[in-house]
Amino acid sequence: MNPHLLTHDTADDYVAGMARVSRLVAQHLAADAPSTGATVADLAPAVEAVDLDRPAADLDAALAEVTDVYLRDAIWFHHPSYVAHLNCPVALPAVLAEGIIAAVNTSVDTWDQSAGGTLVEQRLVRWTAGRIGFDESLADGVFTSGGTQSNLQGLLLARGEAERRAGADVAPRLRVLATEHSHFSVIKSARIMGLHPSAVIPVPTDTTGGMALDALRRELEGVRARGEVAMAVVATAGTTDLGVIDPIPGIADLATEHGAWLHVDAAYGGGLLVSLRRRHLLDGIERADSVTVDFHKTFFQPVSSSAIIVRDGATLAHVTHHADYLNPRTAVTPNQVDKSLQTTRRFDALKLWMTLRITGADAVGGMFDEVIDRAHQVWEVLVEDERFEVATEPVLSTVLLRYRPAGLSAHDADSLNPRIRHALLDGGDVMVAGTTIEGRSWLKFTLLNPQTSLEHLRGILETIAATGEQLIAEDAMDEVAVASLGSDTSSRGSGVDALAPPTRNVGPRRPVRATGVGVAR
């Protein structure tokens, strides 16, 4: 018997080991903060000290080591004070499915490696296509590693269709149109496909932060006038920085008029497909040629779980290659490798299957609706708080804000807010994200935890304000100290006047603008 492999002979060890692992993780679920604030300098020595050529003494020793190098300082997305990036707490049925996926180790490429698994994934693809509004008998798709891969495949298919219509020599004239708020993977995909970065044409946005339809029309007409080819228009259903949904129906009209492939990146907003209250925000998505959905964002699935769904399954032939040893043209059993950029691929679809079968689609949509509700509530709080600036009312669950009390100029706020974020990261008790839009620095709440209450978010705002106030006070003391070094003691004054902070340039209070998005105080 080989004690190191999962077999019938080691089944008891497998059960005992998984129980110990589950207990270890369960202990850490009680963490009182989303982060320990550990730095690279804190963790690198422990990782480097591990001798990878000498195994640990036993499972307990190995788990203790994993705790030291990873688990103790892992970022806990389920904690209510984690409001940073598009990371979600995960549905329990999906976590249980992970145990099955890892143990069986199915590769969902050909039937003889994934009997049953192939059918489950194909059924979920059709289910998602139906939610989008596609004809399930014509649509198709495949699960991917994430939104970046899904977007890449969508644009590869767009390129294939453009070359099919105009010939392979059209490549240097291919253009992709997207806003500057589109996901960075759009430009990355163009580079991977050998297109010049300038092949991605930035379309201006309107006052909502969404793609401006008149600007899109101008850009498409310019492409045509220059003898170029509009390979694809990318509409984003949930931008990373603002959570904005581009006007999909109008974009679809223009894409159709100019013969461009319409790809909708709904990596973030895809959860609206199961919303009972906000599904209308995705109206028009059924006119897309391809759609990205990240289940590991707003369907509360563990990483990784994404999909690319196409309106016409025949277009997936652009990524198909037949190998006699794997997927010969004569094969009669269904497979997913014909449709995928990957060959060996995890059975990630099982996580969504288990979630739908135990939690239910309505409950998943309800959780997404709840975090969107919370974003609106905290936005209302911020609008009434004179210490903060806040961007326009959220569409999804993203809220942009910045600490700027009375007397603090816009320029000084740009410097202060990134420092607040880093101070919070160093402490570990609160994790917020940050971004820069049109030269202005913002803090960002991305709310994906239904258990993060409004009162908890009020507490995070107070922590941000207290941190900002402390940094301003420290700056004032530093400036006084520097001034005292450069002047005679007798000319510095005394008492309160000597410690008073310098007068700050007060910027405009209302309105401030960010990327065309209205800002309230």
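How are α14 and α15 oriented to each other, roughly parallel or roughly perpendicular? In this predicted model, helix α14 (residues 410-427) and helix α15 (residues 454-485) pack at an angle of about 115 degrees, and since angles of 65 to 115 degrees count as roughly perpendicular, the two helices are therefore roughly perpendicular to each other. The points below take up this helix pair and then an open sheet of 7 strands.

**The helix pair α14 and α15**
- The axes of α14 and α15 lie 9 Å apart, and α14 passes α15 in a right-handed crossing.
- On the α14 side the contact is made by L416, R419, I420, A423 and L424, which meet T463, I464, T467, G468, L471, I472 and D475 in α15.
- Sorted by class, this contact of α14 with α15 has 7 nonpolar, 3 polar and 2 charged residues.

**The open sheet**
- The strands follow the order β2-β8-β7-β6-β5-β3-β4, and their pairing is mixed.
- The edges are held by β2 (140-144) and β4 (200-203), each of which has a single partner strand, so one side of each is left without a neighbour in the sheet.
- On average, and with direction ignored, neighbouring strands of this sheet are turned by 20 degrees against each other.
- Within the sheet, β5 (residues 229-236) pairs with β6 (residues 261-266) in the parallel sense over 5 bridges, and V233 has L262 in β6 as its bridge partner.

**Helices packed on the sheet**
- Helix α9 (residues 213-225) packs on the sheet and touches β3 (174-179), β4 and β5, its direction making about 150 degrees with that of β4.
- Helix α10 (residues 248-257) also packs on the sheet, where it touches β5 and β6, and its direction makes about 155 degrees with that of β6.

How values were computed: Residues numbered from 1 in each chain as written. Predicted model: local features only at pLDDT ≥ 70, side-chain atom pairs only at ≥ 80, totals over all residues. Heavy atoms only, no water. Axes fitted to C-alpha atoms, helices over the stretch in contact; angles between N-to-C directions. Helix = DSSP H or I, 4+ residues; strand = E, 2+ residues; numbered from the N terminus. Parallel < 35°, antiparallel > 145°, perpendicular 65-115°, else oblique. Left-handed = near helix turned anticlockwise from the far one by under 90°. Contact = heavy atoms within 4.5 Å. Nonpolar A, V, L, I, M, F, W, Y, C, P; charged D, E, K, R; others polar. Pairing = 2+ DSSP bridges.
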